[in-house]
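Subject: Structure handover

Hello,

Here is the structure I promised to pass on. Please open it first, then read the notes below.

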Amino acid sequence: MAFWFFRGLGKGIVTTRYPKAIDPWTSALPTPPAFHSDRLTIALVDRLIEVCPSRALAREHNELIFDVGACSACERCVQEGAGAVEHSGVFELASTRREHLLKRVHIGRGSA
Ligand code: SF4
């Protein structure tokens, strides 16, 4: 650990390079959900909002608002919305702008 600390100080490196190949264990990581817009109903979305402990979900009229930055990937919405909600498999969520983490999913049309 000390080696990396002093190496970083000496060379001005604050992080390591991004891995060239995806590590196989990443498939076991919990990831935020993906929503199938065409399978969502307003009643289901309201249930998803109720089960979300992180307040990452909200509804505005016919849109589900998903705050990826607030999501803890607890999977409760995946269990509640089986068939309409699934694991995204995406864990690279870094963004320099907060608004990029807010996803709008139309309820009952298309896919997101
Ligand atoms: S995975 Fe958990 S925290 Fe994320 S949106 Fe679903 S219920 Fe909310």
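Start with the contacts. Of the contacts in the chain with a separation of 6 or more, 73% are between residues 24 or more positions apart. Please keep in mind that this is a predicted model.

Overall fold

The chain has 3 helices and 5 strands. Their order from the N terminus is α-β-α-β-β-α-β-β. The radius of gyration is 18 Å, well over the 13 Å that the globule rule gives for 112 residues, so the chain is more spread out than a compact globule. The C-alpha trace spans about 55 × 30 × 25 Å along its principal axes. Burial comes to 18% of the 112 residues.

Strands β2, β3 and β5

Strand β3 covers residues 63–67. It pairs with two strands that I looked at, β2 and β5.

β2 is residues 57–60, and its pairing with β3 is antiparallel, over 4 bridges. Leu57 has Phe66 of β3 as its bridge partner. The hairpin of β2 and β3 has 2 residues between the strands. His61 in that hairpin takes a positive phi near 55°.

β5 is residues 102–106 and is also antiparallel to β3, with 5 bridges. Here Ile65 is matched with Arg104 of β5 as its bridge partner.

Now look at the side chains of β3, which alternate along the strand. Leu64 and Phe66 point to one face and are buried. Glu63, Ile65 and Asp67 point to the other face and are not buried. So that you can place them: Phe66, on the buried face, is the partner of Leu57, while Ile65, on the other face, is the partner of Arg104.

Helix α2

Helix α2 runs over residues 42–51, and Ile42 belongs to it. Is Ile42 buried, exposed or partly exposed? Ile42 counts as partly exposed, because it has 13 C-beta neighbours inside 10 Å; the buried class needs 20 or more, and exposed means 12 or fewer. Ile42 and Asn62 are 20 residues apart along the chain, with 7.2 Å between their C-alpha atoms.

Ligand shell

Which residues come nearest to the ligand? They are Cys52, Ser54, Cys71, Cys74 and Cys77, out of 14 residues around the ligand. By class, the shell holds 10 nonpolar, 2 polar and 2 charged residues.

Best wishes

Technical notes. Residues are numbered from 1 along each chain as its sequence is written. This is a predicted model: local features need pLDDT of at least 70, side-chain atom pairs count only at pLDDT 80 or more; totals for chains, interfaces and linings use all residues. The radius of gyration is taken over C-alpha atoms; the globule rule is 2.2 Å times the number of residues to the power 0.38. Two residues are in contact if their C-beta atoms, placed from the backbone, lie within 7 Å. A residue is near a molecule or strand if its C-beta atom, placed from the backbone, lies within 6 Å of it. Ala, Val, Leu, Ile, Met, Phe, Trp, Tyr, Cys and Pro count as nonpolar, Asp, Glu, Lys and Arg as charged, and the others, Gly among them, as polar. Two strands pair if DSSP finds at least two bridges between them.
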